[in-house]
Amino acid sequence: MQYLLASLFGAITPFCSCSSIPLFIGFVKGGIPLGVTFSFLITSPLVNEVAVAMFAGTFGWKVTTVYVVSGICLGMIGGYVLGKMKLEKNLSPWVQQMIQMNNIPQEEIEESQSSLIRRLPQIAKEALGIVRGVLLYVIIGIGIGAAIHGYVPSGFFEAYLSGEHWYAVPLAVVLAVPMYANAAGIVPVIQVFVAKGVALGTALAFMMSVVGLSLPEATMLKKVMNMKLIGIFFGTIALFIILLGWLFNMVL
């Protein structure tokens with residue numbers, strides 16, 4: 001149930017990967033299980049209200065429903081699988097230190113509790129600390145995405161993803177990783193792909209990978225987890241996206 005709630009919360013919040021990572025840190029620091037926070041981190045950039053409206057207007061409600069349900073299920077299953085791996089030790093020392101600072105006896109918590117107004121300065125200080133910690137990685141990630149957008153030739157992706165080849169979906173995922181965009185921004189691109197002969201499942205796999213597995217996101221995640229955990233996270237979600245892409249190509 002907690003994985004479903006985390007995925008639904010991710011779906012209704014209009015955050016891209018840049019905005020989701022600070023929330024991910026806050027959830028982990030607050031004691032929420034890592035697998036549940038991964039469910040939010042996976043679903044939040046994949047599904048949002050603007051993208052749903054654009055999808056409905058472009059592809060109809062059948063495809064939109066498939067997109068929303070698959071995004072939520074991907075978050076639930078991915079979070080559950082990652083949670084079972086017990087990966088907390090692979091969080092960065094910075095995040096682990098914040099978790100340890102938060103693990104104080106309940107008696108001390110009750111003694112230190114005060115009104116929300118009194119706690120606002122401390123809340124603001126902690127929020128600013130998180131922003132400072134990830135700001136450089138956000139800037140680097142956005143810069144990488146912008147550079148790739150500017151230098152990739154027009155029509156490159158359509159040329160390699162068109163057709164019904166079995167390898168089109170895995171190739172779409174691999175090609176999407178260096179890109180960076182939010183779900184709403186990538187919908188017009190997906191429309192062009194489909195119009196040029198790219199199978200809908202392949203196009204959806206590309207979209208999910210762009211918004212959920214981008215190289216800029218990996219750059220930002222480096223602040224909160226080590227490379228092993230980033231590799232496990234990306235590999236697990238990439239595998240699920242490939243399987244979904246193949247399934248969509250068979251049924252849509």
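The expected span of a helix is 1.5 Å times one less than its number of residues. Helices (H or I, at least four residues) and strands (E, at least two) are DSSP runs, numbered from the N terminus. The model shown above is predicted: local features need pLDDT of at least 70, side-chain atom pairs count only at pLDDT 80 or more, and totals for chains, interfaces and linings use all residues. Residues are numbered from 1 along each chain as its sequence is written, and side-chain values use heavy atoms, with hydrogens and water left out.

**The whole chain**

Begin with the entire chain displayed as a cartoon. The chain has 14 helices and zero strands, and its pattern along the sequence reads α-α-α-α-α-α-α-α-α-α-α-α-α-α. Of its 252 residues, 47% count as buried; buried means under 20% relative accessible area, exposed over 50%, and partly exposed in between (1.4 Å probe, protein chains only). Among contacts (heavy atoms within 4.5 Å) with a separation of 6 or more, 82% are between residues 24 or more positions apart. Switching to a surface view displays an accessible surface of about 12,500 Å², of which 68% belongs to carbon and sulfur atoms. Accessible areas come from the Shrake-Rupley method with a 1.4 Å probe; for residues, only the protein chains shown count as cover.

**Helix H3 and its aromatic neighbours**

Next, select residues 34–46, which form helix H3. H3 has 13 residues and reaches 19 Å from its first C-alpha to its last, close to the 18 Å expected at 1.5 Å a residue. Because 13 of the 13 residues of H3 are buried, the helix is largely enclosed by the rest of the structure.

Within H3, show the side chain of Phe-40, which is buried at a relative accessible area of 1%. The structure holds eight aromatic pairs. Rings of Phe, Tyr and Trp (its six-membered ring) pair if their centres lie within 6.5 Å; planes under 30 degrees apart count as stacked, over 60 as edge-to-face and the rest as tilted. The ring centres of Phe-27 and Phe-40 are 5.1 Å apart and the planes stand at 75 degrees, so this pair is edge-to-face. It links distant parts of the chain, since Phe-27 belongs to helix H2 (residues 17–29) and Phe-40 to H3, 13 residues apart. Add Phe-9 to the selection: ring pairs link Phe-9, Phe-27 and Phe-40 into a cluster.

**The loop at Lys-86**

Proceed to Lys-86, in the loop between helix H5 (61–84) and helix H6 (93–102). Its phi is near 55 degrees, a positive value in a residue other than glycine. Lys-86 is exposed, with a relative accessible area of 60%.

**Helix H10 and the loop after it**

Select Val-173 in helix H10, a buried residue with a relative accessible area of 4%. Leaving aside neighbours within four places in sequence, Val-173 is in contact with Ala-205, Ser-209, Ala-238, Ile-241 and Ile-242. From Val-173 to Ala-203 the C-alpha distance is 9.5 Å, with their positions 30 residues apart in sequence.

Pro-178 lies in the loop between helix H10 (168–176) and helix H11 (183–195). Pro-178 is partly exposed, at 28% relative accessible area, and its C-alpha is separated by 9.5 Å from that of Glu-217, 39 residues apart along the chain.

**Last stop: helix H14**

Finally, select Leu-243 in helix H14 (residues 227–251), which counts as partly exposed at 43% relative accessibility. Together with Trp-166, Tyr-167, Leu-239 and Trp-246, Leu-243 makes a nonpolar surface patch of about 560 Å². Patches are made of residues with over 30% relative accessible area and no salt bridge (a side-chain nitrogen of Lys or Arg within 4 Å of a carboxyl oxygen of Asp or Glu); like charges are joined within 9 Å, nonpolar side chains (Val, Leu, Ile, Met, Phe, Trp, Tyr) within 5 Å.
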